[in-house]
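Q: I'm new to this structure and would love a close look at one part of it. Could you walk me through it step by step?
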Amino acid sequence: MPRLLALVPYLLARPGIGIEEAARDFEVTPKQLRKDLELLWMCGLPGYGPGDLIDLSFEDESVTVTYDAGMRRPLRLTGGEATALLVALRALAETPGVVDTDAVRRAIAKIEAAAGEARPSGVVVGLNVREAETTARTRGTLQQALRDGRAVHMRYYTASKDQVTERTVDPMRLVIIQAFSYLEAWCRRAEGVRLFRLDRIDELTVLDEPASVPSNAEPADISEGAFRERPEQQVAELVLDPDVRWAAEYYPCEELAELPGGRLRVRMRYGDESWMTRLVLGLGGSATVERPAELASAVRRKAADALERARHLAATSEQ
């Protein structure tokens, strides 16, 4: 649906564009784009007769819209979308190695100018801004450490293990992966190259000692994301209710399908069943384990044990 809504204004701004080029821009195959165009033929204004439906031609491998049925106006960003985009663009502008920083800053200025219309009232956007400011300070400290060639000490939260650890690392570079900022560094504790998400660094201190990255340390391949599948990991499929969809953004997972009622089906890899059980229970009944059966059984047992303890404590307090 978002692709169909965006297609008409996109095509109106590019009359005669080639199907292959349009498909690349929307990150779909030419075959899928043709299916989308055929579906648009059946969309339009009430009445749904000749002159009411969207009309377009896509012959000779090019597309032209001849009647837009009022869908000329591009979609607007919501307040949350505008904030997320601004955070990612600011991180990109401050990351060494960006070819055209001026273009990024021009994009930031345009979105900031329009964000006033999109920003809703309330505290949600304010919370995102505060989190972004904290991450920006962390990024600034790390950039200075990289420039000065200094090691850093941090308290870091590892979401997949639900642990906070103390680490001394030798910074290598700052990268952006799927809109999140990461520090790539040689971790002396793990004796290997690791990626640290900036918003999970609780405390950060630049040390006086110089960074010392081993000569055999190689940057990670992040072309397909921050994390790689490991054979020893298990796989869970969860259905998240709307109020806990944030978990799909906070923890590494693969989104599988949008479900009725705003629910989301995801696939998540994990190495520790007890950690995964705690995660599901912590979502307060708003997450359902579809598979594996062993994990679902573990969640039921832990939930039953917790209820039994709660009944025992209630009975004891009454006595």
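In which helix does arginine 278 lie?

A: Happy to help! Please keep in mind that this is a predicted model. Arginine 278 lies in helix H8, which covers residues 273-282. With a relative accessible area of 43%, arginine 278 is partly exposed, because that value falls between the 20% limit for buried and the 50% limit for exposed.

Arginine 278 also belongs to a group: together with Arg300, Arg301, Lys302 and Arg309, Arg278 forms a positive surface patch. A patch member needs over 30% relative accessible area, so the 43% of arginine 278 meets that requirement. Helix H9, residues 293-318, gives the most to this positive patch, with 4 residues.

Now for the wider setting. The protein has 9 helices and 12 strands. Of its 319 residues, 33% are buried. The protein exposes about 19500 Å², and carbon and sulfur atoms supply 51% of that area. Among contacts with a separation of 6 or more, 54% are between residues 24 or more positions apart.

For another partly exposed residue, look at leucine 12, which is found in helix H1, residues 2-12. Leucine 12 has 25% relative accessibility, so it counts as partly exposed. Leucine 12 and valine 63 are 51 residues apart along the chain, while their C-alpha atoms are separated by 9.5 Å.

Conventions
Residues are numbered from 1 along each chain as its sequence is written. This is a predicted model: local features need pLDDT of at least 70, side-chain atom pairs count only at pLDDT 80 or more; totals for chains, interfaces and linings use all residues. Side-chain values use heavy atoms; hydrogens and water are left out. Helices (H or I, at least four residues) and strands (E, at least two) are DSSP runs, numbered from the N terminus. Buried means under 20% relative accessible area, exposed over 50%, partly exposed in between (1.4 Å probe, protein chains only). Contact means heavy atoms within 4.5 Å. Accessible areas come from the Shrake-Rupley method with a 1.4 Å probe; for residues, only the protein chains shown count as cover. Patches are made of residues with over 30% relative accessible area and no salt bridge: like charges are joined within 9 Å, nonpolar side chains (Val, Leu, Ile, Met, Phe, Trp, Tyr) within 5 Å. A salt bridge is a side-chain nitrogen of Lys or Arg within 4 Å of a carboxyl oxygen of Asp or Glu. Lys and Arg count as positive and Asp and Glu as negative; His and the chain ends are not counted. The place of a charge is taken as NZ of Lys, CZ of Arg, CG of Asp or CD of Glu.
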